[in-house]
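Student: Please take a close look at the metal site in this model. I should like to know which parts of the chain supply the donors and how they are arranged.

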Amino acid sequence: MVVIFLDFVKLHEFEKPNDETALSLMNSSSAAVLEEFPDIIFAYGYSDEYSFVFKKTSRFYQRRASKILSLVASFFAAVYVAKWKEFFPQKKLEYAPSFTSKVVSCASVEVLQAYLAWRQLDCHANNQYDTCFWMLVKSGKSISEAQEVLKDTQKQQKNELLFQNFGINYKTLPELFRQGSCLFKKKVDETVKHDENGNPVKRLRRKAVFVHSENISGINFWNEQPSLYNDLGHFTKDIGKIEPDFIRLFQFENKLLPLTWAVVRIDGCHFHRFSDVHEFEKPNDEQALKLMNSCAVAVLKEFENIHFAYGVSDEYSFVLKKESELYKRQSSKIISAVTSFFTSTYVLQWGEFFPHKELKYPPSFDGRAVCYPTYNILLDYLAWRQVDCHINNQYNTCFWMLVKSGKTKTQSQDYLKGTQTREKNELLSRQFGIEYNSLPQIFRMGSSVFRLKEAVAVENGVVSGKKLEGEVALDHCNIIERCFWEEHPHILNY
Ligand code: GTP
Ligand code: MG
């Protein structure tokens, strides 16, 4: 199961305690997630979180946790941004949202049941508290006064407070706020077309439907839905007392080894198809690369612990400083936040880079994190990525020149089989008059993003000791050779 949480820097003046439109946008994004990932059987969400339950037998990405949690967060973020306008036509999306996510492995169907009961209880408790809190604040109390009034109050007391002070019967508030939303696929008859006599032709389709239920972990609700108990199992009895500590046992977190350089590498998911559908130029689409670079610059501005990034094609590697304590080094959170922030920026900025191209479907990226214990090994890693850029770019340049000159793809592949760098350069020069080394650096070298040396503020001619935030630079330099690192020792603080 993957749980995701919205990690918005600033909310867009959402209504308090609940913004129905914002919740609907969360729900609509979740429905898209269910359509995209067939192994997700059930989803439950409220406020800024959503839990997605994969079927027990899922073999999705060989059950690799980092792939799955990053992909779901990334896709969710992409859809959230893409749909924003539909839900908030009058409000501009000012900041790229990011989502942190984690995998909770449920050892048995009982644990799943307990987990769902716990989340719905949380929904209920939070909503009741927030409803009281915001009513008190709106009625003129300060934040601390409102907190004081609610301190240690029980459920019943909160209901009374709402009724007596504000004439609100809690039970009559919208189900969407009190119970959260659940989502699963149901078999529905759908009209696919009409026959020649105008009669509807129906087909049985599995479609994601929303349901509000007072008790999603109750046997009454669960055991009535074949699509739930078939793939996830029956609930045998209703849950008595909810024990969050028991469920927390299943939420263990992997941490990145302390004092090592952690690299988060993201990679476009099925970008072969994405670049075809969006008619990217071959082998390199300069605008697409510039969009990737712009997203990487945004990542460095957002996450101050990331000191360096290197990107090529549909991938980007982000290097966190050794001492980073971002999300207490919890790898799931780091991977999902970086990947989803990158993705939402990609969707947000698409129009700037492709003003005449519609984004046909939301892209997604997967992420992973690897720790490198020494400076030299880290530089070896980065050099490996740049070598890869070089090899791929040289091959692709030759390949697409051959194809454009009339050869089939198979002929071009055969032609290039076993050729060395020198032979490829000769081919380009002899047959096509292209000097490989004069091709744009962005294609040959990939892109590096880093902060310029931090400036020190000078006030009235005196060094004040205050550090100014270093500006983020983009370059297409050679990072294999050591001179780049020797010239910029501050980047890795070495
Ligand atoms: P997965 O990452 O395994 O999901 O598959 P993928 O299709 O994304 O392939 P991979 O990451 O191995 O390679 C990236 C692919 O993106 C390339 O093979 C290209 O098809 C495509 N791509 C990346 N950059 C460009 C570009 O500038 N122009 C074009 N035309 N295609 C690009
Ligand atoms: Mg890819």
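Tutor: Along the chain, the donors of the magnesium ion (ligand 2) follow the spacing D-G-x45-D. The pair Gly-268 and Asp-314 links distant parts of the chain, the two residues being 46 residues apart. Gly-268 belongs to strand E7 (residues 261–268), whereas Asp-314 sits in the loop between strand E8 (306–312) and strand E9 (315–320). This is a predicted model, and the geometry described here is computed from it.

The protein donors are Asp-267 through OD, Gly-268 through O and Asp-314 through OD. These donors lie 2.1 to 2.2 Å from the magnesium ion (ligand 2). The ion has six donor atoms, with angles of 81 to 176° among them. The site is classed as octahedral. For six octahedral donors, the ideal angles at a metal are 90 or 180 degrees. As for their surroundings, Gly-268 is buried, and Asp-314 is buried as well.

The surface of the model offers another feature. Val-387, Ile-391 and Ile-480 form a nonpolar patch there, with about 230 Å² of accessible area together. One of these residues, Ile-391, lies in helix H13 (residues 375–404). Ile-391 counts as partly exposed because its relative accessible area is 47%.

As for annotation, an unreviewed UniProt entry records "domain: Thg1 C-terminal" over residues 111–197 and 377–458. In the model, residues 111–197 are 61% helix and 16% strand, and the end C-alpha atoms of this stretch are 53 Å apart.

Definitions and conventions:
Residues numbered from 1 in each chain as written. Chains lettered and ligands numbered in written order. Predicted model: local features only at pLDDT ≥ 70, side-chain atom pairs only at ≥ 80, totals over all residues. Heavy atoms only, no water. Donors = N, O, S within 2.8 Å, 3.2 Å for Na, K, Ca; no water. Tetrahedral: all angles 85-135°; square planar, octahedral: opposite > 155°, others 65-115°. Helix = DSSP H or I, 4+ residues; strand = E, 2+ residues; numbered from the N terminus. Buried < 20%, exposed > 50% of the residue type's maximum accessible area, 1.4 Å probe, protein only. Patch = residues over 30% accessible without salt bridge, like charges linked within 9 Å, V, L, I, M, F, W, Y side chains within 5 Å. Areas by Shrake-Rupley, 256 points an atom, 1.4 Å probe, with all protein chains shown as cover. Salt bridge = Lys/Arg side-chain N within 4 Å of Asp/Glu carboxyl O. UniProt positions renumbered as here; feature names shortened; annotations may be inferred.
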